[in-house]
Amino acid sequence: ISRYSANGSMADCGTSAPEAAARRANSFLSTDCRCMILSCACSPVAGLSGVSAGFTVISPQTGTCKPRADNVKKRACAFARTHPNIYKAGFGHANAHYVRHWRIISVMTQAVLLFPGQGSQESGMGRDLAEASSDAMNLWKQAERISALPLREIYWEGDDAAMSDTRALQPALTVVNLNLWSAVAARAAVCGAAGHSLGEFSAMAAASVISAECALELTALRGRLMAEADPEGKGGMAALLKLDQPTIEEIVAETIAQCGELLLVANYNTPGQLVISGTKAAVALACQKAKERKGRGLELKVSGAFHSPMMAEANKELAPLLRKAVWSKPKFPVYCNAHGKAVTDGESARESLLVQMTSSVQWIETVRNQYADGARRWLELGPKAVLGKMVAPCLAGTATADDLAIELVNNAETAAAFAG
């Protein structure tokens, strides 16, 4: 019998008959688990495809055991996923001759929060929450005062061009992200947070590293600086699709050697979706090379080469406000874009954001580190599903989609339905 704790570690708790195992397992339950599953698998012949399985759901709330038996592994998993006290569960068996194998699986209910960045905006975003909550409406008004922009008019009544302007988008999306978090915070059990590019400021605020007001001040200034960083329009970005990471990195190296201009991978989103950033000439050449390799290059509608050295001047101007801000110890770990690792103190969080604007977004490493730290559940808080879709591809070869729980809270209705 093995018990898996919230941080992914495993503790051996002996081997015995089912009922004794169930009683013993109950004492191993951690506070962040809703239940445990006691599973049994018997394989009379090594490699036999049809493995019979029986398991018991153990509820820490009632201390009772609920026996369940099924000879189909998929049905067992389906039962686990629909059980009110279970989010996800995986079942395994010992691949040995006539071995009876009992496993305890601790189902971690704490989630990693995900906050999206630019590109996730939607017309009308955040309006229903603001009209239902004075606190949510006040955050919009505060963002309008700080940015000196009519954000509600732009995002509730404006067109796509106006909504894509990074000056308005950065503070507006931060408002939406933080209002969604406020709507579920009291019910959410959280083990970490991360935000993609702009979204990292929302993650910092959610973890109380910085205040919501500070996040709005920083993102309003960041949006203006990034919009003004390339007045001549020399920089660009493109998503390279249908190619693996080594091939894309090879294309980047070839392009630099051929044209001698700036180019780098700016966003490591998933192994099959990387975004490049650099001069427009270099980006266009890289897209052509991607096409020659049966891939696809999709140039993005952005105002500059974000997450590259072309943002150095903007980053320099943002730095004084970053240094002036009050940085507190996170309430839960925040995984940072610049290196993909979790930070647990305010100073490290600040240092990461000081280089974020000119550094690549290491999102693949971010998700993999979350999984390695024990995360099996992710909660995306933003206008639409973006980051949740990246989790499984980032963990390909390590975990299957059935092992992962992905949830989205994107409006007042889904916020109200969120069970915690």
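Start with the largest pocket, which has a volume of about 1,100 Å³ (a pocket is an open set of points on a 1 Å grid over the protein atoms alone, where a 1.4 Å probe fits, with protein on both sides within 12 Å along at least five of seven lines; the volume is the space filled by probe spheres set on the points). This is a predicted model, where local features need pLDDT of at least 70, side-chain atom pairs count only at pLDDT 80 or more, and totals for linings use all residues. Residues are numbered from 1 along each chain, and side-chain values use heavy atoms, without hydrogens or water.

Select Gln118, Gly119, Ser120, Leu300 and Val302: of the 41 lining residues (an atom within 4 Å of a point), these are the closest to the pocket's centre. Elements giving two or more residues to the lining include helix H7 (166-184) and strand S10 (263-270) (DSSP runs, H or I of at least four residues for helices, E of at least two for strands).

Keep H7 and add helix H4 (134-147): the two pack at about 160 degrees, axes 10 Å apart (lines fitted to C-alpha atoms over the stretch in contact; angles run from 0 to 180 degrees between N-to-C directions). So H4 is roughly antiparallel to H7 (over 145 degrees). Show Trp140 of H4 and Val175 of H7, both among the contact residues (heavy atoms within 4.5 Å).

Next, select helices H10 (245-259) and H11 (280-292), whose axes come within 9 Å and cross at roughly 130 degrees. That makes H10 oblique to H11 (not under 35, over 145 or 65 to 115 degrees). Their contact includes Ile251 and Glu254 of H10, with Leu285 and Lys289 of H11.
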